[in-house]
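Student: I would like a close look at one part of this model. Please take the strand pairing and the side chains packed around it, and go through them step by step.

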Amino acid sequence: MKKSLTLILTLLVLNAFSQKYIQFLKPNTFNHTSKEANSSDTIFWNSRNVSNVKIDYCLNYNNDISNNIWTSIIGSTPSSPNYYIWNIPNISGRVRLRVSDASNQNYSDLCDVDLELWDPIVSAKSLTFEGPIGGEDLE
């Protein structure tokens with residue numbers, strides 16, 4: 001009985017480690033959400049038992065995934081070393097990133113937050129100077 005239980009537990013553990021797994025890591029936080037178009041950023045993920053990953057983005061992502069249109073960043077790249085340098089295209093708006101198994105997109109993970117991409121020529125960030133705040137002189 002003890003040998004049977006040990007064998008069952010061993011098989012369960014081995015099965016858990018043989019499952020495919022993808023986890024999107026970065027950019028994935030609120031302090032990393034604004035990016036300039038025509039720049040680059042590094043996308044990081046963890047994976048297990050996945051040879052190649054596909055990376056894509058959705059402009060104006062909606063939680064109703066049936067209406068989302070995904071644009072490929074790269075169709076297939078080796079899952080190891082677990083990062084990809086993305087040359088951000090010349091687009092503006094909110095995008096959501098996704099990393100998936102290149103051979104089976106049922107194994108995927110999304111970035112938890114939208115990235116705000118902005119084109120500095122079209123939508124330049126502005127700075128308003130209102131004057132000195134404590135006795136300084138303007139020259």
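Tutor: What follows is a walk through the strands, then the core, then the aromatic side chains. Keep in mind that this is a predicted model.

Start with strand S4, residues 52-59. Six of its eight residues are buried, so the strand is mostly covered by the under 20% cut-off. S4 has two pairing partners to look at. One is strand S5, residues 70-78, joined to S4 in the antiparallel sense over six bridges. The other is strand S7, residues 93-101, also antiparallel to S4, over seven bridges. Aspartate 56 shows both pairings. Its bridge partner in S5 is serine 72. Its bridge partner in S7 is arginine 98.

Arginine 98 deserves a second look. It lies over the face of tryptophan 70, at 4.0 Å from the ring centre.

Now follow S7 onward. Three bridges join S7 to S9, and the two run antiparallel. Within that pairing, glycine 93 stands opposite leucine 117 in S9. Leucine 117 also appears in another pairing: it is the bridge partner of lysine 35. That contact belongs to strand S2 (residues 34-36) and strand S9 (residues 115-118), which pair in the parallel sense over three bridges.

Turn to the three-stranded sheet. It is open, its order is S1-S3-S6, and its pairing is antiparallel. Strand S1 (21-26) and strand S6 (83-87) are the edge strands, each pairing on one side only. On average, neighbouring strands of this sheet are turned by 30 degrees against each other, direction ignored. Strand S3, residues 40-48, is linked to S6 by five bridges, and these strands run antiparallel. One of the matched positions is threonine 42, whose bridge partner in S6 is isoleucine 85.

Next comes the core. The largest nonpolar core has 19 residues, and Ile43, Trp86, Leu97 and Val99 touch the most other members. S1, S3, S4, S7 and S9 each supply at least two residues of this core.

Take isoleucine 43 as the vantage point. Leaving aside neighbours within four places in sequence, its contacts include Trp86, Leu97 and Val99. Among the others are Phe24, Ile55, Ile73 and Tyr84. Polar and charged residues are on the list too, including Lys26 and Asn82.

Finally, the aromatic rings. A pair of rings is described by the distance of the centres and the angle of the planes. The count comes to three aromatic pairs. One of them joins phenylalanine 44 and tyrosine 83, with 6.1 Å centre to centre and 40 degrees between the planes, a tilted arrangement. This pair links distant parts of the chain: phenylalanine 44 is in strand S3, tyrosine 83 is in strand S6, and they are 39 residues apart. Phenylalanine 44 counts as partly exposed because its relative accessibility is 30%. Tyrosine 83 has a relative accessible area of 39%, so it is partly exposed as well.

Another pair is tyrosine 57 with tryptophan 86, again tilted, at 6.0 Å centre to centre and 35 degrees between the planes. Here too distant parts of the chain are linked: tyrosine 57 sits in strand S4 and tryptophan 86 in strand S6, 29 residues apart. Tyrosine 57 has 10% relative accessibility and therefore counts as buried. Tryptophan 86 is at 3%, so it is buried too. Tryptophan 86 thus brings the walk back to the core, where it is among the residues that touch the most other members.

Technical notes
Residues are numbered from 1 along each chain as its sequence is written. This is a predicted model: local features need pLDDT of at least 70, side-chain atom pairs count only at pLDDT 80 or more; totals for chains, interfaces and linings use all residues. Side-chain values use heavy atoms; hydrogens and water are left out. Buried means under 20% relative accessible area, exposed over 50%, partly exposed in between (1.4 Å probe, protein chains only). Helices (H or I, at least four residues) and strands (E, at least two) are DSSP runs, numbered from the N terminus. Two strands pair if DSSP finds at least two bridges between them. Axes are lines fitted to C-alpha atoms, for helices over the stretch in contact, and angles run from 0 to 180 degrees between N-to-C directions. A nonpolar core is a set of buried Ala, Val, Leu, Ile, Met, Phe, Trp, Tyr and Cys residues joined through side-chain atoms within 4.5 Å. Contact means heavy atoms within 4.5 Å. Rings of Phe, Tyr and Trp (its six-membered ring) pair if their centres lie within 6.5 Å; planes under 30 degrees apart count as stacked, over 60 as edge-to-face and the rest as tilted. A charge sits over a ring if NZ of Lys or CZ of Arg is within 6 Å of the ring centre and within 35 degrees of the ring normal.
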